[in-house]
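This report walks through the inner spaces, the helix contacts and the unusual backbone sites of one protein model. Please keep the sequence and the structure in view while reading.

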Amino acid sequence: MSEIAPHGGKLVNRIATEAERPNLLEEAKTLKTIHIHPREISDLEMIATGVFSPLEGFLSKKDYDAVIANNHLSTGEVWTIPITLSITRDEAAGLKAADKAALVDEEARPVAVIYIEDIYEYDKKKEAQAVYRTTDEAHPGVKYLYSQGEFLVGGKITLITRPAHKDFSEYRMDPVKTREIFKNKGWRRVVGFQTRNPIHRAHEYIIKSALEIVDGLFLNPLVGETKEGDIPAKTRMDCYNALTEKYFPKERVVMGVYGAAMRYAGPKEAILHAIVRKNFGCTHFIVGRDHAGVGNYYGTFDAQKIFDEFKHGELGITPLFFDNSFYCRHCGGMATQKTCPHPEAEHFSLSGTKVRELLNAGELPPQEFTRPEVAD
């Protein structure tokens, strides 16, 4: 196993064994059912495989309240975003604490069993303000939250059937697998990098800077649900492969996908992303400008500042903070404000909007912004 302990000290495994599975499938037929959405199914898989350790299920009321109030679970571990299962008022009327229920997908197939600890009402606006720092429905995370049912169900889960992913199968690895890979490579210090955008020269620069101080890189793009207008996961994966093929030492890079949905929660999501990479076995985590941000809801470096709100060692993973990087014509290479003394007129960078405009017009972004293989 890799050198770093999972969050909470133990890697969670809530997947039914081959021996348990037939009995659970039979039992599920006799249970009351809760229909779960694709995002909740991805969360279910993250819980069951240990990506969301120490969570063993969807948050109970005491954990939910603790996360909203002080960014910790009731048991004391840092946790910043509620991982919840919502139901309607009608569904809640047919369920009670201590029941078991079958969690079924959109085709009514049982995917898991939940051992209900409690069913509780919650304040959506309060959660929106606590997690997203806004109650504005234009924010994609807030919009999703407002679409949820009026009640939440808390309790441990057992995953009966893993989602059948048709994409990125070679890159879908549970934490137990990534930890084994890092150990076999002899990596004691591993840096994780999260992105939902195509990789460009600025990303490459900060990743390579981090690689100077660790043994290996875990490139861990998010392939769960994203908002409309984001670049599709397949395109992003092609970009990562094009870049790592030609511009990185292959023996120092492992790529695996992160299957959860994007919350766009800025600072709070930066903490969750760090915890997730710790569970995968990373000892370090890159936090760039506006990590997990959207629109103008967060300050440029708020996702870095939030790490100071936790006690030393509480997170158990070392964040690496990077400034906005750019190509400096005078330096003749990539730099940041921390390393480049030249005026802004010498700096070249493009906004995501400008890049999309170029691509939509059939033009390639210049080499100073992205590698030609990635632009293609």
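Helices (H or I, at least four residues) and strands (E, at least two) are taken from DSSP runs and numbered from the N terminus. The model described here is a predicted one, and in it Tyr264 lies in the loop between β9 (253-255) and α10 (267-280).

**Backbone sites**

Most residues other than glycine have a negative phi, and most peptide bonds are trans. Tyr264, although it is not a glycine, has a positive phi of about 60 degrees. A cis peptide bond is found between Ser53 and Pro54, where omega is about 10 degrees, and Pro54 has its place in the loop between α2 and β2 (57-58).

**The cavity and a pocket**

How many cavities of 30 Å³ or more does the model hold? The count comes to 1 cavity of that volume or more. The largest cavity encloses about 140 Å³ of space, and its lining draws two or more residues from each of the elements α2 (38-48), α5 (124-132) and α6 (140-147). There are 13 lining residues around this cavity, and those that lie nearest its centre are Arg39, Pro82, Thr84, Gln148 and Arg263.

The second largest pocket, by contrast with a cavity, is an open space, and its volume is about 670 Å³. Its lining is made up of 24 residues, with Pro38, Ile41, Pro163, Ala164 and His165 lying nearest the centre. Both α2 and β5 (110-121) supply at least two residues of this pocket lining, and the largest share, 5 residues, comes from α2. Helix α2 thus has a part in the lining of the largest cavity and in that of the second largest pocket.

**Two helix contacts**

The axes of α5 and α6 come within 10 Å of each other and cross at roughly 155 degrees. Because angles over 145 degrees count as roughly antiparallel, α5 is roughly antiparallel to α6. The crossing in which α5 passes α6 is right-handed. On the side of α5, the residues in contact are Lys124, Lys125, Glu127, Ala128 and Tyr132, and they meet Gly141, Val142, Leu145 and Tyr146 of α6. These two helices are also among the elements that give two or more residues to the lining of the largest cavity.

For helix α7 (residues 175-184) and α10, the axes come within 7 Å and cross at roughly 60 degrees. Here Pro175, Thr178, Arg179 and Phe182 in α7 meet Lys278, Asn279 and Phe280 in α10.

**Residue classes**

The table sets out the residue classes for the two linings and the two contacts.

| Site | Nonpolar | Polar | Charged |
|---|---|---|---|
| Lining of the largest cavity | 5 residues | 3 residues | 5 residues |
| Lining of the second largest pocket | 8 residues | 5 residues | 11 residues |
| Contact of α5 with α6 | 5 residues | 1 residue | 3 residues |
| Contact of α7 with α10 | 3 residues | 2 residues | 2 residues |

How values were computed
Residues are numbered from 1 along each chain as its sequence is written. This is a predicted model: local features need pLDDT of at least 70, side-chain atom pairs count only at pLDDT 80 or more; totals for chains, interfaces and linings use all residues. Side-chain values use heavy atoms; hydrogens and water are left out. On a 1 Å grid over the protein atoms alone, a cavity is a set of points where a 1.4 Å probe fits but cannot get out, and a pocket is an open set with protein on both sides within 12 Å along at least five of seven lines; lining residues have an atom within 4 Å of a point. Grid points are joined across faces, edges and corners, and a volume is the space filled by probe spheres set on the points. Ala, Val, Leu, Ile, Met, Phe, Trp, Tyr, Cys and Pro count as nonpolar, Asp, Glu, Lys and Arg as charged, and the others, Gly among them, as polar. Axes are lines fitted to C-alpha atoms, for helices over the stretch in contact, and angles run from 0 to 180 degrees between N-to-C directions. Angles under 35 degrees count as roughly parallel, over 145 as roughly antiparallel, 65 to 115 as roughly perpendicular and the rest as oblique. A crossing is left-handed if the near helix is turned anticlockwise from the far one by less than a right angle, and right-handed if clockwise. Contact means heavy atoms within 4.5 Å.
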